[in-house]
Amino acid sequence: METKAIEELVEQGLYLPLMEAFYTIQGEGHHTGTAAYFIRVGGCDVGCHWCDVKESWNPKTHPPTAIEKIVKEAHQYSDTIVITGGEPLTWDMHPLTSALKQKGMRIHIETSGAYPMTGVWDWICLSPKKIKLPQPEIYKRADELKVVIFNKHDFKFAEQQAEKLETNAILYLQPEWSVREKMMPLIVDYVMKHPKWKISLQTHKYLRIP
Ligand SMILES: C[S@@+](CC[C@H](N)C(=O)[O-])C[C@H]1O[C@@H](n2cnc3c(N)ncnc32)[C@H](O)[C@@H]1O
Ligand SMILES: Nc1nc2[nH]cc(C(=O)O)c2c(=O)[nH]1
Ligand code: SF4
Ligand SMILES: [Mg+2]
């Protein structure tokens with residue numbers, strides 16, 4: 001197909017720049033420990049300096065892939081799907097999520113919420129970022145709020161974000177991986193003082209699985 005035609009299909013969400021897809025165990029947040037098939041869509045311009053998948057940022061480095069192909073593959077592994085990235089909401093998520101839904105799958109998203117919500121979701125994990133704040137509508141939809149704690153100022157940011165929620169989202173603080181040793185004692189102390197928060201760890205990294 002011509003580049004122009006593919007670009008148009010990506011524009012419509014019928015093709016997506018696919019970085020990788022893999023069957024693993026959800027490592028973070030509320031569904032930690034649950035087997036799930038991850039679809040990692042390329043493209044993100046939020047720019048978190050500590051992002052653990054910077055290779056995902058440039059969509060041009062990931063092959064535009066037909067959603068039918070993504071869905072067919074996913075269906076062979078699991079009925080619980082996690083769509084992540086990159087920032088999945090960079091793209092129109094309606095075509096992919098409706099196709100997955102038609103096969104009866106449960107669909108979760110990992111998102112910064114920085115772009116408008118598209119798609120049908122069974123579980124929305126909102127991980128807001130200071131440098132590109134979530135779009136207001138996602139605070140009405142989030143099932144969990146997962147704030148990455150890189151330094152002590154991030155506790156304040158976490159509280160500000162929790163205040164914006166219009167759902168009973170479950171609240172998590174997750175240590176930024178490279179500073180986990182330093183920040184964990186502060187997070188433990190914070191959660192004991194403010195027990196509406198729970199700790200989320202990137203357990204897949206401890207387990208050395210994808
Ligand atoms: C790589 S992001 C992709 C999805 C989306 N762009 C987002 O940020 O939510 C997946 C999750 O990993 C978290 N994350 C990314 N880098 C991290 C790091 N170095 N330490 C801890 N969590 C991290 C993000 O906050 C997000 O909750
Ligand atoms: N096992 C596993 N769990 C995850 N939860 C969120 C992830 C992500 O990168 O979005 C992730 C990931 O990359 N691997
Ligand atoms: S929003 Fe997500 S993918 Fe984008 S830079 Fe931040 S952590 Fe990485
Ligand atoms: Mg990850």
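# Questions about a predicted model

Visitor: Which loop holds Y139 in this predicted model?
Guide: The model is a prediction. Two strands flank the loop in which Y139 lies. They are β6 (123-126) and β7, so the place asked for follows from the strand numbering. Y139 is in the loop between β6 and β7.

Visitor: Is Y139 buried or exposed?
Guide: A residue is buried if 20 or more other C-beta atoms lie within 10 Å of its own. Y139 has 20 C-beta neighbours inside 10 Å, so Y139 counts as buried.

Visitor: Which residues is Y139 in contact with, leaving aside its neighbours within four places in sequence?
Guide: The C-alpha atoms of Y139 and T167 are separated by 7.0 Å, and these two residues are 28 apart along the chain. Contacts are judged on C-beta atoms instead, which must lie within 7 Å. With neighbours within four places left aside, the contacts of Y139 are P134, K164, L165 and E166.

Visitor: In what order do the strands of the open sheet stand?
Guide: The sheet has 9 strands and its pairing is mixed. β3 (64-66) and β9 (197-199) each have a single partner strand, so they stand at the edges and one side of each has no neighbour in the sheet. The twist from one strand to the next averages 30°. The order is β3-β1-β2-β4-β5-β6-β7-β8-β9.

Visitor: How many bridges join β2 to β4?
Guide: On its other side, β2 pairs with β1 in the antiparallel sense over 7 bridges, and A21 stands opposite I39 in β2. β2 and β4 run parallel, and V41 has G85 of β4 as its bridge partner. The number of bridges joining β2 to β4 is 5.

Visitor: Which residue of β3 is the bridge partner of Y15?
Guide: Strand β1 (residues 15-25) pairs with β3 in the antiparallel sense, over 3 bridges. Y15 falls within the range of β1. Its bridge partner in β3 is A66.

Visitor: Why is β2 largely enclosed by the rest of the structure?
Guide: β2 spans residues 35-41 and gives the most to the largest nonpolar core, with 5 residues. Nonpolar side chains tend to be buried together in soluble globular proteins. β2 is largely enclosed because, of its 7 residues, the number buried is 6.

Visitor: Which residues touch the most other members of the largest nonpolar core?
Guide: This core has 42 residues. For one of the three, I81, the contacts beyond four places in sequence include A36, Y37 and I39 as well as L100 and M105. The residues that touch the most other members are L16, I70 and I81.

Visitor: At about what angle does helix α4 run to β7?
Guide: Helix α4 covers residues 153-164 and lies across β7 and β8 (170-175). Its angle to β7 is about 165°.

Visitor: Which residues come nearest to ligand 1?
Guide: Ligand 1 has 18 residues around it, of which 6 are nonpolar, 7 polar and 5 charged. β4 (80-85), β5 (106-111) and β7 (144-149) each supply at least two of them. Those that come nearest are D52, E87, E110, S127 and W177.

Visitor: How many charged residues are in the shell around ligand 2?
Guide: The residues surrounding ligand 2 include T24, Q26, E28, E110 and H204. Glu counts as charged, and His does not. The shell divides into 2 nonpolar and 5 polar residues, and the number of charged ones is 2.

Key. Residues are numbered from 1 along each chain as its sequence is written. Chains are lettered from A and ligands numbered from 1 in the order in which they are written. This is a predicted model: local features need pLDDT of at least 70, side-chain atom pairs count only at pLDDT 80 or more; totals for chains, interfaces and linings use all residues. A residue is near a molecule or strand if its C-beta atom, placed from the backbone, lies within 6 Å of it. A nonpolar core is a set of buried Ala, Val, Leu, Ile, Met, Phe, Trp, Tyr and Cys residues joined through C-beta atoms within 7 Å. A residue is buried if 20 or more other C-beta atoms lie within 10 Å of its own, exposed if 12 or fewer, and partly exposed in between; C-beta atoms are placed from the backbone. Helices (H or I, at least four residues) and strands (E, at least two) are DSSP runs, numbered from the N terminus. Two residues are in contact if their C-beta atoms, placed from the backbone, lie within 7 Å. Two strands pair if DSSP finds at least two bridges between them. Axes are lines fitted to C-alpha atoms, for helices over the stretch in contact, and angles run from 0 to 180 degrees between N-to-C directions.
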